[in-house]
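Subject: Structure for you to look at

Dear colleague,

Here is the structure I said I would pass on. Please open it first; my notes follow below.

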Amino acid sequence: MGAGKTTAAKRIANRLGWEVADTDDLFEEKYRISIHDFFNKYDEPLFRKLESEVLKTTENMENTVISTGGGLACHCDNMAWMKTHGLTVFMRISPEAAADRILHSKRKRPLTENKTEEELAEYIRHHYAERLPFYEQADITVKSEDFDLDSLIKLIENE
C-alpha cells in the first residue's frame, strides 16, 4: 500500500512496450462496483476471494505487467500462483514513507479511510509486518523510495 506499484507498472510496461493491467481496475470492471463501495457494502473476506478470482483471469495475458493491490499476495495462496505464472516484484517501502504517500494521495483507500496520521502509521506498520513474509517471496525486490527503472528493467530482462 502506497509503494507505487501502479505507477511503476505503467513505467515498466511503457519501457518494455507491453500492456499494463491493474487487478483493482479489473475487479471494478468485472463486478461493476468501486472497491471503496464494495468495502462499504460487503466484507474483506469476500473481497479477497473475488480479488483472487480476478487475479486468475490474468493467466493468459502475455507481455503484460500486472499491478496488484497490497493485500492480494497475502491471501488465497496468490503469491505462489503469481510466482508460477509470472515474475513477481516487491516494491519495498518503509511504513513511514507509505503513510506519508497515502496521507497526501488523492486516491481514497477503504482500509485507511478516516484514520488520523498516527492511526494510519500504526495500521501500516501492523499490516506491513503481517504481509512482509509474503512480499519477501517475490522474485525481485526493489526499494520504492529511490526506484530506479533502468536497474529494474535489467533485472527483469535477466530473469
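A residue is called buried here when its relative accessible area is under 20%, exposed when it is over 50%, and partly exposed in between. Keep in mind that this is a predicted model.

Salt bridges

The structure holds 8 salt bridges. I went through three of these pairs.

Arg 48 and Glu 51 form a salt bridge, with the closest N and O atoms 3.0 Å apart. Is Arg 48 buried or exposed? With a relative accessible area of 7%, Arg 48 falls under the 20% cut-off and therefore counts as buried. Glu 51 is buried too, at 3% relative accessibility. The two residues sit 3 residues apart in helix H4 (residues 44–56), which means that about one helical turn separates them. As for the general background, an α-helix has 3.6 residues a turn, so residues three or four places apart point the same way. The pair also belongs to a network of salt bridges that links Glu 44, Arg 48 and Glu 51.

The second pair is Arg 15 with Asp 150, where the closest N and O atoms are 2.6 Å apart. This salt bridge links distant parts of the chain: Arg 15 is in helix H1 (residues 5–16) and Asp 150 in helix H8 (residues 149–158), 135 residues apart. Arg 15 is partly exposed at 44% relative accessibility, and Asp 150 is partly exposed at 41%.

The third pair is Arg 92 with Glu 136, at 3.3 Å between the closest N and O atoms. Arg 92 lies in strand E3 (residues 89–92), while Glu 136 is in the loop between helix H7 (117–135) and strand E4 (140–143), so the salt bridge ties together parts that are 44 residues apart in sequence. Both ends are partly exposed: Arg 92 has a relative accessibility of 30%, and Glu 136 has one of 46%.

Helix H8

Which residues of H8 are buried? They are Leu 149, Leu 152, Ile 153 and Ile 156. These residues cover an arc of only 100 degrees around the axis, so they lie on the same side of H8. On the face turned away from that buried side, H8 carries the exposed residues Lys 154 and Asn 158.

Negative patch

Asp 25, Glu 28, Glu 29 and Asp 37 gather in a patch of negative charge on the surface. Helix H2 (residues 23–31) supplies the largest share of the patch, 3 residues. Asp 37 is found in helix H3 (residues 35–41). With a relative accessible area of 41%, Asp 37 is partly exposed.

Backbone

Two residues other than glycine are worth a look for their phi values. Arg 32 has a positive phi, near 55 degrees, and is found in the loop between H2 and H3. Arg 32 counts as exposed, at 77% relative accessibility. Asp 77 is not a glycine either, yet its phi is positive at about 60 degrees. Asp 77 is found in the loop between strand E2 (64–67) and helix H5 (78–85), and its relative accessible area of 61% makes Asp 77 exposed.

Regards

Notes
Residues numbered from 1 in each chain as written. Predicted model: local features only at pLDDT ≥ 70, side-chain atom pairs only at ≥ 80, totals over all residues. Heavy atoms only, no water. Patch = residues over 30% accessible without salt bridge, like charges linked within 9 Å, V, L, I, M, F, W, Y side chains within 5 Å. Areas by Shrake-Rupley, 256 points an atom, 1.4 Å probe, with all protein chains shown as cover. Salt bridge = Lys/Arg side-chain N within 4 Å of Asp/Glu carboxyl O. Lys, Arg positive; Asp, Glu negative; His and termini not counted. Charge placed at Lys NZ, Arg CZ, Asp CG, Glu CD. Helix = DSSP H or I, 4+ residues; strand = E, 2+ residues; numbered from the N terminus. Buried < 20%, exposed > 50% of the residue type's maximum accessible area, 1.4 Å probe, protein only. Arc of directions from axis to C-beta.
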